Amino acid sequence: MTRILHRQIHAEFPTAVGGKGIEIVDAEGRRYIDASGGAAVSCLGHGHPEVIAALHAQLDRLAFAHTSFFTSEVAERLADRLVEDAPAGLSHVYFTSGGSESIETALKMARQYFVETGQPQRRHVIARRQSYHGNTLGALATGGNEWRRAPFRPLLIETHHIDPCFAYRLQEPGESDEDYAARAAQALEDKILELGPETVAAFVAETVVGATMGAVPPVADYFKRIRAICDRHGVLLILDEVMCGMGRTGTLHACTQEGIAPDLMAIAKGLGGGYQPIGAVLLARRIFDAFAHGSGFFQHGHTYTGHPMACAAGLAVQEVIRGERLMDNVAAMGARLARRLGERFGNHPQVGDIRGRGLFLGVELVADRATKAPFDPALKLHARVKREAMARGLMVYPMGGTVDGVQGDHVLLAPPFIVDGAAVEAIVERLGDAVDAAIAGLPAKAA
């Protein structure tokens, strides 16, 4: 009997006892290709010797010092690296212990910025339906996934949501990418005008939507339009790159491919590659200056902010990514994985869309390819795919509720940046078999 309150109480989980490269090993000796990086976390895979050595060295020097008394050399070095590599205008870093905490921090930064600059009436936060920004209450309130929000709705702060930029589901027949991008972005301006521009503090969006929709990228100049709308109305743009950032889409920051920079950016997951819990918020100079020239502090803090061991992991991971030129491999292997998925699933009657960027790809499963009709949610097809994949030694990240938080199934792939061609072939072969087996196991009338 386990004393752990597991995510699924009645599930029986194998016990992980080791990991090397792109594989995890369980207590029975079975090996699993980690084709999802856990949850898009393990960007360097498992057991990377340089990261382990950096953690040993930091532990020998200093494990912990509270940031109300000290800074640390390793935290300062990591901050320097992050700012050096950041999009233009982002000048400072606030460390956290993970993605939800980064979003909470960014929301509080946005609110304090407007208090400091004499605009306390700016209180509204706008985000997008079918977004995921974390599971703490502020992050959950900001996220637009109704299944996750529903049980906790009485506890959530008021937020506002517009449709996402989701071409497969929301682009109209015959509508060009440019026209769709303009229409999708206009929804933000319409909502700002509805609420009153002087009352809106921030717009929050995942640059490439991850867990809830399955690696959905924006189209055309959507984010340039979003940036212009925020600037026109004095609204802060918060980009959530917790899952899609830190190299996952082929550039260190996904927004680089959009030609924009946010005012606040939340990062985590690939920042530390799973070797330690760490996240961060990168903030624009004007936000830092508002705090520095106003109250002189940021009214926020957690015990493990800037934890030296976590920062050591983050710095080591970023040095490996740069030193081994892993962005080149993400681009090359991402293209190969996308091509092989297309070859395996492109004509599959139950695959409606294959999408994503870099090593961040999604496969959407449908009951009817022509109409895009999803499977009955009661079938829990995504859970069946996960079980079949694990039985074949493959870890993928399937989710339900792709369409509206209730209906729809997709499989998210986010393998480590060190993946090679042979592993890509194995991932696609095992996933293809798992999807086919999961569908074959459905009741006859469903399949």
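Strand S3 (residues 31–34) and strand S13 pair in the parallel sense over two bridges, where strands are DSSP runs of E of at least two residues, numbered from the N terminus, and two strands count as paired if DSSP finds at least two bridges between them. The model is predicted, and local features therefore need pLDDT of at least 70, while side-chain atom pairs count only at pLDDT 80 or more and totals for chains, interfaces and linings use all residues. Residues are numbered from 1 along each chain as its sequence is written, and side-chain values use heavy atoms, with hydrogens and water left out.

Within the pairing of S3 and S13, Asp34 stands opposite Met395 of S13. Both strands belong to an open, mixed sheet of four strands in the order S1-S2-S3-S13, whose edge strands, S1 (16–20) and S13 (394–395), each pair on one side only. At the S1 edge, four bridges join S1 to strand S2 (residues 23–26) in the antiparallel sense, with Gly19 opposite Ile24 of S2. The hairpin of S1 and S2 has two residues between the strands, and Gly21 takes a positive phi near 65° there. Of the five residues of S1, the number buried (under 20% relative accessible area with a 1.4 Å probe, protein chains only; exposed is over 50%, and partly exposed lies in between) is zero, so S1 lies largely in the open.

A further open sheet of four strands has the order S11-S12-S15-S14 and antiparallel pairing. Its edge strands are S11 (351–357) and S14 (397–400), each of which pairs on one side only, and the twist averages 20° from one strand to the next. Strand S12 (residues 360–365) and strand S15 (residues 409–413) run antiparallel and are joined by five bridges, with Leu361 opposite Leu413 of S15. Helix H12 (residues 326–345) lies across S11, S12 and S15 and runs at about 15° to S12; helices are DSSP runs of H or I of at least four residues, and angles, from 0 to 180 degrees, are taken between the N-to-C directions of axes fitted to C-alpha atoms, for helices over the stretch in contact.

The largest nonpolar core (buried Ala, Val, Leu, Ile, Met, Phe, Trp, Tyr and Cys residues joined through side-chain atoms within 4.5 Å) has 99 residues, and Phe95, Phe203 and Leu431 have the most contacts inside it. Apart from this core lies another, of 26 residues, among them Ala202, Leu264, Leu283 and Phe298. When neighbours within four places in sequence are left aside, Leu431 is in contact (heavy atoms within 4.5 Å) with Leu341, Phe345, Val385, Leu394, Val396, Val411 and Leu413.
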